[in-house]
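Here is a friendly briefing to read with the structure open beside you. Please have your viewer ready to pick out residues as you go.

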Amino acid sequence: SAERRSNDKMTIIKDRALPSEITPYRTAKRKQELRKMNNALLNCLTAMFSNQIFNARKILPLAKDALAYSSVRNNFVAELNKIPNSSTSLSHSQFDILAVLINTALENDKGVDAGDFAIKIMPLTDKFCRQLQYGTVQFIYTCVQHHNIWRDVQFWERAF
């Protein structure tokens, strides 16, 4: 039990942690959760780029959930930036998974950091592509161009 003095009255709090005791626990729990989410996204990307499509699809729901966190979205962009240009022509399955991940991240790009992910992902949307029939190339931007962020004037003012 913990005791506290308040206006010369003694208040006894039993079986409850004080806020100062909760904060380190919550911080550690949040760090652990973020680590888990980052790992889910990283495992999905690793499987996808290794052409282990079954494994990537199995992890995809958790990776999509992970993209609700802005720090995971930042790591997502960082990981995509590490991919050499020679590896950016994707199979149809790889392309579809990447499109789902980027779309999910764009949908979660709101709140105080609204537009931050969009600004960071924009240069990468013409980096990743797939070959269609008859020599036609489809870039990932064709799968993400429907988001409202691209029609927002304030977004473009911030971006440039």
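What follows is a short tour, from the overall layout down to single residues.

Please keep in mind that this is a predicted model. The protein has seven helices and five strands, and 35% of its 160 residues count as buried. A search of the whole structure finds seven aromatic pairs, and two of the helices, α2 and α4, come together with their axes within 11 Å.

**Overall layout**

- Reading from the N terminus, the elements follow the order β-β-α-α-α-β-α-α-β-β-α-α.
- Taking the contacts between residues at least 6 apart in sequence, 66% join residues at least 24 apart.

**Aromatic pairs**

- A pair of aromatic rings is described by two things, the distance of the centres and the angle of the planes.
- Among the seven pairs found in the whole structure, a good one to start with is Phe76 with Phe117: the ring centres are 6.0 Å apart and the planes are at 5°, so this pair is stacked, as an angle under 30 degrees counts as stacked.
- Phe76 belongs to helix α3 (residues 70–82) and Phe117 to helix α5 (residues 116–121), so the pair links distant parts of the chain, 41 residues apart.
- Are these two residues buried or exposed? Both Phe76 and Phe117 are buried.
- Trp156 and Phe160 make another stacked pair, because their ring centres are 6.0 Å apart and their planes lie at 0°.
- Trp156 is partly exposed, with a relative accessible area of 32%, whereas Phe160 is exposed, at 73%.
- Trp156 and Phe160 also belong to one aromatic cluster, together with Trp150 and Phe155.

**Helices α2 and α4**

- Two packed helices are described by the angle between their axes and the distance between the axes.
- For helix α2 (residues 53–66) and helix α4 (residues 92–107), the axes come within 11 Å and cross at roughly 5°.
- That crossing angle makes α2 roughly parallel to α4, because angles under 35 degrees count as roughly parallel.
- Which residues of the two helices meet? From α2 these are Ile53, Ala56, Arg57, Leu60, Ala63 and Lys64, and from α4 they are Ser93, Gln94, Ile97, Val100, Leu101 and Thr104.
- Sorted by class, this contact of α2 with α4 has seven nonpolar, three polar and two charged residues.
- Leu62 also lies in helix α2, and at 34% relative accessibility Leu62 counts as partly exposed.
- Leaving out residues up to four places away in sequence, Leu62 touches Met37 and Ala40.
- The C-alpha atoms of Leu62 and Lys36 are separated by 9.6 Å, with their positions 26 residues apart along the chain.

**The loop between α5 and β4**

- Leu124 is found in this loop, and Thr125 is placed in the loop as well, ahead of β4 (129–131).
- Leu124 is buried, with a relative accessible area of 5%, and Thr125 is buried too, at 8%.
- What does Leu124 contact beyond its neighbours within four places in sequence? Its partners are Val77, Leu80, Asn81 and Ile140.
- Thr125 touches Phe139, Ile140, Tyr141 and Val144, again not counting residues up to four places away in sequence.
- A polar atom of the Thr125 side chain lies 2.8 Å from the backbone oxygen of Met122.
- Leu124 and Tyr141 are 17 residues apart in sequence, and their C-alpha atoms are 8.5 Å apart in space.

**Positive phi outside glycine**

- Asn51 is not a glycine, although its phi is positive, at about 65°.
- Asn51 lies in the loop between α1 (19–49) and α2, and counts as partly exposed at 48% relative accessibility.
- Tyr134 is also a residue other than glycine with a positive phi, near 60°.
- Tyr134 has its place in the loop between β4 and β5 (137–139), and counts as exposed at 77% relative accessibility.

Conventions. Residues are numbered from 1 along each chain as its sequence is written. This is a predicted model: local features need pLDDT of at least 70, side-chain atom pairs count only at pLDDT 80 or more; totals for chains, interfaces and linings use all residues. Side-chain values use heavy atoms; hydrogens and water are left out. Rings of Phe, Tyr and Trp (its six-membered ring) pair if their centres lie within 6.5 Å; planes under 30 degrees apart count as stacked, over 60 as edge-to-face and the rest as tilted. Helices (H or I, at least four residues) and strands (E, at least two) are DSSP runs, numbered from the N terminus. Buried means under 20% relative accessible area, exposed over 50%, partly exposed in between (1.4 Å probe, protein chains only). A polar contact is a pair of N or O atoms within 3.5 Å; within protein, one must be able to donate a hydrogen and the other to accept it, and residues adjacent in sequence count only if both atoms are side-chain atoms. Contact means heavy atoms within 4.5 Å. Axes are lines fitted to C-alpha atoms, for helices over the stretch in contact, and angles run from 0 to 180 degrees between N-to-C directions. Angles under 35 degrees count as roughly parallel, over 145 as roughly antiparallel, 65 to 115 as roughly perpendicular and the rest as oblique. Ala, Val, Leu, Ile, Met, Phe, Trp, Tyr, Cys and Pro count as nonpolar, Asp, Glu, Lys and Arg as charged, and the others, Gly among them, as polar.
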